[in-house]
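Reader: Could you walk me through the metal site in this one and then follow the chain outward from there? I'd like one connected picture rather than a list.

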Amino acid sequence: MTARDVLARLDGLLPELEKLYLDLHRHPELSFAEHRTAAELARRLTGYEVHTGIGGTGVLGVLRNGPGPTVLLRADIDALPVEEKTGLDYASTVRATDADGNEVPVMHACGHDMHATWLSGAATLLAEARHAWQGTLLVVFQPGEEAGDGAEAMIHDGLFDVAGGPDVVLGQHVVPGGAGWVLTRPGVIMAATDALRVVLRGRGGHGARPECTVDPVVLAASVVLRLQTIVSREISATESAVVTVGSLHAGTAHNVIPEEAVLEVNVRAFDEAVRQKVLAAVERIVHGEAATAGAPEPPEITRVTGFGVTVNDEPANTRLTGSFREFFGPERVLEAPLITGSEDFGEFGGASGAPSVFWLVGGADAEAVLEAIAASRFEQDIPSNHSPRFAPVLHPTLRTGVETLVVGALEFLSVPGETLTA
Ligand code: ZN
Ligand code: ZN
């Protein structure tokens, strides 16, 4: 029995999956608050041993189906504090209270509702066709990807104690490529990221008497500019990194020099050595500028979140890409570009020691994408993940992501009666 046979029932399942997607899209939930989402997904895991509340709101479905490899399929399920502006009739109007107690709009602006629907569909089809494969299937609905620590939370809460570790970990993301396209990449596919909070301490006082103070606003200004020299002056032209100061807060009034300034810094890199070099440079510059300003106290640098590059295991990626080419035809399977976005997907492979592969599935109107590329207007015309206008087209996006998961899982599970390849 082939993937095509297992997927024969997908046509019949699609109306149900469309309903699930629209429901999740209308009811987005912030990181670690995915209670309704988790319950809806857990409820649909027919035939699985279901474990809920792993790492907060994570869900694990286990399907033990005889001796053979263990394949982990992962989808993230959280939404973002973004106000939806897609104009769709199923657009979210949800507002919620975030972790800091602020009321914020909520939207599935990263497409995790699509990921959850894909995995729910694949889990259903693989359970119904369990005579077609052998091994153990771990279906993981992960909370808190946008917060950066959802994968870690599930792993620390004993994810791998339930049914053991996987032999391979597979995951996917919807991107603004043409719907129906599948993009794979050997080796590094997504950047490492670090979020830093920097507190610069000065000495406050009257705005009219700066000579009595150490002004943290001026100090912060020179830190921000100097940080921009890291990539331009310290990183080789053949390497790459990003240093962004996304938030800068100081002061309350025009005539008061404040006591401190707070910066939030984001770092991205594709190489661990480059990443460490950038982080060391941030530390050196922040301390150096504070010393130069005569700050009464050293600055404080706290790492808020961070995770490494997403690296695809090359042999596993080759197998997977081959099976995608065979199923979809080579014209629909493209090489993914390097993505400066980041993912905590790599934690599952990192913590279990299993090879992992992460790939991308297009969700934008393919004709519009080709037109935009031809006009050099892709960035302007095709809304990307995290945009309030990010709106994957339902078809064939819904179908394609279920197909990739089923084809991918079957590539690594055993065929009954065949010699086991663990
Ligand atoms: Zn995202
Ligand atoms: Zn995402």
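Author: The zinc ion (ligand 2) and the zinc ion (ligand 1) sit 3.1 Å apart, with C110 coordinating both. Keep in mind that this is a predicted model, so treat the geometry that way.

Let's stay with the zinc ion (ligand 2). Its donors are C110 through SG, H112 through NE2 and H173 through NE2, at 2.1 to 2.4 Å. Along the chain, the spacing of these donor residues reads C-x1-H-x60-H. The two histidines bring distant parts of the chain together: H112 belongs to helix 4 (residues 112-128) and H173 to strand 7, 61 residues apart. Are they buried or exposed? H112 has a relative accessibility of 1%, so it counts as buried. H173 is buried too, with a relative accessible area of 7%.

Now follow H173 into its sheet. Strand 7 is part of an open sheet of eight strands, ordered 1-2-6-3-7-18-8-17, and the pairing is mixed. At the edges you find strand 1 (49-54) and strand 17 (333-335); each has a single partner strand, so one side of each has no neighbour in the sheet. On average, neighbouring strands here are turned by 25° against each other, direction ignored.

In that order, strand 7 is followed by strand 18. Strand 18 (residues 356-364) pairs with strand 8 (residues 182-184) in the antiparallel sense, over two bridges. One residue to click on is L183, whose bridge partner in strand 18 is L360. Strand 18 also holds S356, which is buried at 7% relative accessible area. Leaving aside residues up to four places away in sequence, S356 touches V169, V311, N312, D313, F345 and G349.

What lies across this part of the sheet? Helix 13 (residues 397-412) does, lying across strand 3 (70-76), strand 6 (135-142), strand 7 (168-178), strand 8 and strand 18. Relative to strand 7, helix 13 runs at about 155°.

For some helix-on-helix packing, look at helix 7 (residues 216-234) and helix 8 (residues 272-293). They pack at an angle of about 145° with axes 9 Å apart, and the crossing is right-handed. Among the residues that meet there are L219, V223 and I230 from helix 7, and V278, V282 and I285 from helix 8. By class, this contact has eleven nonpolar, two polar and five charged residues. The charged ones include R226 and E234 in helix 7 and K277 in helix 8.

Notes
Residues are numbered from 1 along each chain as its sequence is written. Chains are lettered from A and ligands numbered from 1 in the order in which they are written. This is a predicted model: local features need pLDDT of at least 70, side-chain atom pairs count only at pLDDT 80 or more; totals for chains, interfaces and linings use all residues. Side-chain values use heavy atoms; hydrogens and water are left out. Two strands pair if DSSP finds at least two bridges between them. Helices (H or I, at least four residues) and strands (E, at least two) are DSSP runs, numbered from the N terminus. Axes are lines fitted to C-alpha atoms, for helices over the stretch in contact, and angles run from 0 to 180 degrees between N-to-C directions. Contact means heavy atoms within 4.5 Å. Buried means under 20% relative accessible area, exposed over 50%, partly exposed in between (1.4 Å probe, protein chains only). Donors are N, O and S atoms within 2.8 Å of the metal (3.2 Å for Na, K and Ca); water is not among the atoms, so sites may look incomplete. A crossing is left-handed if the near helix is turned anticlockwise from the far one by less than a right angle, and right-handed if clockwise.
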